[in-house]
Every structure is written in C-alpha cells, then in structure tokens.
Amino acid sequence: EGMTLQQGIKGIELINDDGNCLEVVVGAGESWHDWVLHAVERGWNGVENLALIPGSVGASPMQNIGAYGVEVKDHFLWLEAVNRKTGELQRFDHAACEFGYRESIFKQRERNLWVIVRVAFALERNAPLHMEYGAIQSELHHLAPQEITHKDVSEAVMRIRRSKLPDPAELGNAGSFFKNPILHATAFQEVLSNHPNVVHYPLEDGSFKLAAGWLIEQAGWKGKRRGNCGVHDKQALVLVNYGEATGQEIWKLAKDIIQDVRAKFGVELQPEVNQIRVS
C-alpha cells in the first residue's frame, strides 16, 4: 500500500584533482559496486575494500557501510540531501553526519527526514593499501608485497565475498543482518572467562569487537532453515529468504537468534538492517 520512490540520480564528476588527492561527486542513484569499479579502474583509490557491497551510493553514508578495515566515513567529504518536510536542499559535512559503527544521523536521530541526492568522496592515487585482514592476505599470498595493486585488493575482496555471501539476485537477503557487538573491557573479560575461544578484535579505545557470525554459529543457527527463511549456510550473519517468507517471519527469526545468543553468551546482538513497519 502507498507509493515507493526509487532514487535514480546518476552521474560521477571529478571536481578537484591536485595530482594525488581527488574530490569526486557521485549521484545517489548510482550502484555502489559500479562506482567502486569505476574508481578502481581510474586509479582513484581508497574504496577498493568496499567492492561488491550491494546497494546505492546514496545509501552508503546512511549506513556508514564498511568491510575489511575500511568504512565510508574514511573517504567521505560531504553529501547533499533534501528535507522531506520542507523541500530544502542541505549540505552535510563529515561531522554533521554523526558517523558511527554502521550508523549515521540519517539512520537514527533524523531517520526518514532526508533524501540523499549526491555524495562527495576524497580519494587518492597513492592511497595506502588495506590488507590487514587475513582473508585478503591469503587471497594475495602469491604476489610479492611490492607488486600488489589497489585493483588486486578489490578483486580479492570480490572473490572472498562471492565465496561466502549469497547473491541477492539469486537468494533474497539484506547482507549482514547483525552488527558485530562492541563490549567495554569488563564485559568482554566476563564473556572471555566463560568462552575462552570467543573470536574478538581489540579496538583503540580499549573496547573489544566480537564476531557476531561466530556467536550465531556457536549457538547452532548457521544453516538453520525455518519455513521459507533461514540463516545462510556459509555466513551466519546473513538471513535469507528462500521463497515467500514475509518480513514478519524474518524478523521473528532475527529476534529468536538475538534471544538465544543473549542466553548463551550474555551478549546482546543489534540488527544492522533497518526494519520498515507499515501500519
């Protein structure tokens, strides 16, 4: 019921170039993955680790999408958005977007108020490579470190993603359904004492990020099917729709997973995916 509008604003424009640093403005309706490939082919580097993430450029700052050590906020300059109530066009700089881990002002405090129409990125021809993740290193182990290019990294990321994540065009899904939980040191030590093998990553502020996929898998949900929906058999972070599952069914599955992980590990999972409720 009602009307749905799909963002269709296109265009990629290089507006500043000092020989290394670049400012590129991209229409919000461009495919995110196509934009990443466009940048990589031209040597506009920085976003290659974010290859093959489905969705649009306009959605990327709302979610502050990230993968393999890189987030949109790392290369974000500004965006322009239309206020749905007033029709006013407003520019948001980095600080105004209130970026967090898979969060922004557009996803939380001012949710549903703005329509993002274009996004500006800061890229570099000589940007550093980000290969901290072991999966990327394994994919590129046959290359000498000095030979590895940004395109090599993007292609490695695509191979990794294709090997463990379902293609939305073939199996309905919304990507990673849950955030990786972040715990302060005391809470983390409590989890670690009860589960010494818990997968975790120390953060600069002294907190710890847990692997939500590991928690879900250890709780026994990986590959589990319930009617027409279930948990992907290669990546427990992904909930999938095998056929005619409703949003309510998928959300019920998500809530049951959250409850079970809480009971078994004392860790509260948070959805990464927005829920849209129609009254």
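This report describes the nonpolar cores, the aromatic pairs, one pocket and a few single residues of a predicted model.

## The nonpolar cores

The largest nonpolar core has 42 residues, and those that touch the most other members are Trp32, Trp35, Leu79, Phe106, Phe121 and Leu123. Several elements each supply at least two residues of this core, namely strand 2 (21-27), helix 1 (32-41), strand 5 (76-83), strand 7 (114-124) and helix 4 (150-164). Apart from this core lies another, of 31 residues, which includes Trp214, Ala245, Ile250 and Val273.

Leucine 79 can serve as an example of a core member with its surroundings. Not counting residues up to four places away in sequence, leucine 79 touches Pro61, Gln90, Arg91, Phe92, Cys97, Phe106, Ile116, Arg118 and Val119.

## Aromatic pairs

Across the whole structure, a search finds 10 aromatic pairs. In one of them, phenylalanine 92 and phenylalanine 106 meet edge-to-face, with 5.0 Å from centre to centre and 70° between the planes. Phenylalanine 92 belongs to strand 6 (residues 89-93), whereas phenylalanine 106 sits in the loop between strand 6 and strand 7, so this pair ties together parts that are 14 residues apart in sequence. Phenylalanine 92 has a relative accessible area of 3% and is therefore buried, and phenylalanine 106, with a value of 4%, is buried as well.

A tilted pair is formed by phenylalanine 177 and tryptophan 251, whose rings are 6.5 Å apart centre to centre, with 40° between the planes. Because phenylalanine 177 lies in the loop between strand 8 and strand 9 (182-183) and tryptophan 251 in helix 7, the pair ties together parts that are 74 residues apart in sequence. Phenylalanine 177 is buried, its relative accessible area being 7%. Elsewhere in the list of aromatic residues, Trp32, Trp35 and Phe121 form one cluster, and these three residues are also among the members of the largest nonpolar core that touch the most other members.

## The second largest pocket

The second largest pocket has a volume of about 440 Å³. It is lined by 17 residues, of which Gly247, Gln248, Trp251, Gln275 and Ile276 are the closest to its centre. Two or more lining residues come from each of strand 8 (172-176), strand 14 (238-241) and helix 7 (247-265), and helix 7 gives the most, with 4 residues. Sorted by class, the lining has 9 nonpolar, 7 polar and 1 charged residues.

Two of the residues closest to the centre of this pocket, Trp251 and Ile276, can be placed further. Tryptophan 251 is the partner of phenylalanine 177 in the tilted aromatic pair, while isoleucine 276 is found in the segment after helix 7. Isoleucine 276 has a relative accessibility of 76%, and because this is over 50%, the residue counts as exposed. Its C-alpha atom is separated by 23 Å from that of threonine 86, and the two residues are 190 residues apart along the chain.

## Two residues with a positive phi

Asparagine 64 is not a glycine, yet its phi is positive, at about 45°. Asparagine 64 lies in the loop between helix 2 (59-63) and strand 3 (66-67), and it is buried, with a relative accessible area of 0%.

Glutamate 98, also not a glycine, has a positive phi of about 50°. Glutamate 98 lies in the loop between strand 6 and strand 7, the loop that holds phenylalanine 106. With a relative accessible area of 38%, glutamate 98 is partly exposed.

Methods
Residues are numbered from 1 along each chain as its sequence is written. This is a predicted model: local features need pLDDT of at least 70, side-chain atom pairs count only at pLDDT 80 or more; totals for chains, interfaces and linings use all residues. Side-chain values use heavy atoms; hydrogens and water are left out. On a 1 Å grid over the protein atoms alone, a cavity is a set of points where a 1.4 Å probe fits but cannot get out, and a pocket is an open set with protein on both sides within 12 Å along at least five of seven lines; lining residues have an atom within 4 Å of a point. Grid points are joined across faces, edges and corners, and a volume is the space filled by probe spheres set on the points. Ala, Val, Leu, Ile, Met, Phe, Trp, Tyr, Cys and Pro count as nonpolar, Asp, Glu, Lys and Arg as charged, and the others, Gly among them, as polar. A nonpolar core is a set of buried Ala, Val, Leu, Ile, Met, Phe, Trp, Tyr and Cys residues joined through side-chain atoms within 4.5 Å. Buried means under 20% relative accessible area, exposed over 50%, partly exposed in between (1.4 Å probe, protein chains only). Contact means heavy atoms within 4.5 Å. Rings of Phe, Tyr and Trp (its six-membered ring) pair if their centres lie within 6.5 Å; planes under 30 degrees apart count as stacked, over 60 as edge-to-face and the rest as tilted.
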